[in-house]
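Please find below a short note on the structure, set out as numbered points. It is meant to be read with the sequence and the 3D view at hand.

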Amino acid sequence: MDDATDDVNQAIAGELQLMDPHVRASRKRAGELLDPEFVEVGGSGRRWTYEAMLAELPDHPGSSLDAPRFEPSDVSGVLLAPGLVHLTFETLLGERKTRHSSIWRRGDGAAGWRMYYHQATRVPPSVD
């Protein structure tokens, strides 16, 4: 496996961890996967920052063990530059389909890969 493939795989692993209800419910664990400069534009159009996301993530859909969980598909990625990976994928959460784009960057030392940016777009039922 080459370095680019390894970097993409590490970013994918982080993305999948962020879909795990146990991780979403833990400010510490989620905080280790989000870059301190994290920004998201959610499916609702709301802009999220690192602190806002960590404060509200445990109450978001997909964060409860007793509710529907994210079902990811078509996860793929590309190395944009050393230490920078772009991922795209789709999720189902119950009946809601969403398309996602995220940028992961490698931190210094033990920080590892962290999500720097995320964009989610809800897909209406009539769209493939």
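1. The lining of the largest pocket is made up of 12 nonpolar, eight polar and five charged residues. The lining thus described belongs to a predicted model, and the points below should be read with that in mind. In total, 25 residues line the largest pocket, and its volume is about 490 Å³. Those that lie nearest the centre of the pocket are R24, E40, H60, F70 and H118.

2. Which elements each supply at least two residues of this lining? They are the helix α1 (3–18) and the strands β1 (34–41), β4 (84–93), β5 (96–106) and β6 (113–123). The element that gives the most is β6, with four residues.

3. The largest nonpolar core contains 19 residues. Within this core, L18, L34, V85, L87 and W104 have the most contacts. Two or more of the core residues come from each of α1, α3 (27–33), β1, α4 (50–56), β4 and β6. The largest share is that of α1, which gives four residues. As general background, nonpolar side chains in soluble globular proteins tend to be buried together.

4. L87 is one of the core residues with the most contacts inside the core, and the list of its neighbours deserves a closer reading. When residues up to four places away in sequence are not counted, L87 touches V8, A11, I12 and E15, among others. The list also includes S76 and G77, as well as H100, S101, S102 and W104. W104 is itself named among the core residues with the most contacts.

5. T91 is located in strand β4. Is T91 buried or exposed? T91 counts as buried because its relative accessible area is 2%, and the cut-off for buried is under 20%. The side chains of T91 and H100 are joined by a polar contact of 2.9 Å. Apart from residues up to four places away in sequence, T91 touches M19, F70, E71, P72, R96, K97, T98 and H100. Of these neighbours, F70 also appears among the residues nearest the centre of the largest pocket.

6. D35 lies in strand β1. With a relative accessible area of 7%, D35 is buried. What lies 2.8 Å from a polar atom of the side chain of D35? The answer is the backbone nitrogen of E37. D35 and M115 are 80 residues apart in sequence, yet their C-alpha atoms are 5.4 Å apart in space. Beyond its neighbours within four places in sequence, D35 is in contact with Y50, R105, R114, M115 and Y116.

7. D74 merits a check of its backbone. Most residues other than glycine have a negative phi. D74, although not a glycine, has a positive phi of about 50°. This residue is found in strand β3 (residues 71–81). D74 is classed as exposed because its relative accessible area is 60%, and the cut-off for exposed is over 50%.

8. Two loop positions may be read together. G43 lies in the loop between β1 and β2, whereas P82 lies in the loop between β3 and β4. G43 counts as partly exposed, at 36% relative accessibility, while P82 is exposed, with a relative accessible area of 77%. Leaving aside neighbours within four places in sequence, G43 is in contact with A120 and R122. The C-alpha atoms of G43 and T88 are separated by 15 Å, and these residues are 45 residues apart along the chain. For P82 and R106, the separation is 24 residues in sequence and 8.6 Å in space, C-alpha to C-alpha.

9. A last position is T49, which is in strand β2 (residues 47–49). T49 is partly exposed, with a relative accessible area of 33%. How far apart are T49 and R99 in space, C-alpha to C-alpha? The distance is 20 Å, and the two residues are 50 residues apart in sequence.

Key:
Residues are numbered from 1 along each chain as its sequence is written. This is a predicted model: local features need pLDDT of at least 70, side-chain atom pairs count only at pLDDT 80 or more; totals for chains, interfaces and linings use all residues. Side-chain values use heavy atoms; hydrogens and water are left out. Buried means under 20% relative accessible area, exposed over 50%, partly exposed in between (1.4 Å probe, protein chains only). On a 1 Å grid over the protein atoms alone, a cavity is a set of points where a 1.4 Å probe fits but cannot get out, and a pocket is an open set with protein on both sides within 12 Å along at least five of seven lines; lining residues have an atom within 4 Å of a point. Grid points are joined across faces, edges and corners, and a volume is the space filled by probe spheres set on the points. Ala, Val, Leu, Ile, Met, Phe, Trp, Tyr, Cys and Pro count as nonpolar, Asp, Glu, Lys and Arg as charged, and the others, Gly among them, as polar. A nonpolar core is a set of buried Ala, Val, Leu, Ile, Met, Phe, Trp, Tyr and Cys residues joined through side-chain atoms within 4.5 Å. Contact means heavy atoms within 4.5 Å. A polar contact is a pair of N or O atoms within 3.5 Å; within protein, one must be able to donate a hydrogen and the other to accept it, and residues adjacent in sequence count only if both atoms are side-chain atoms.
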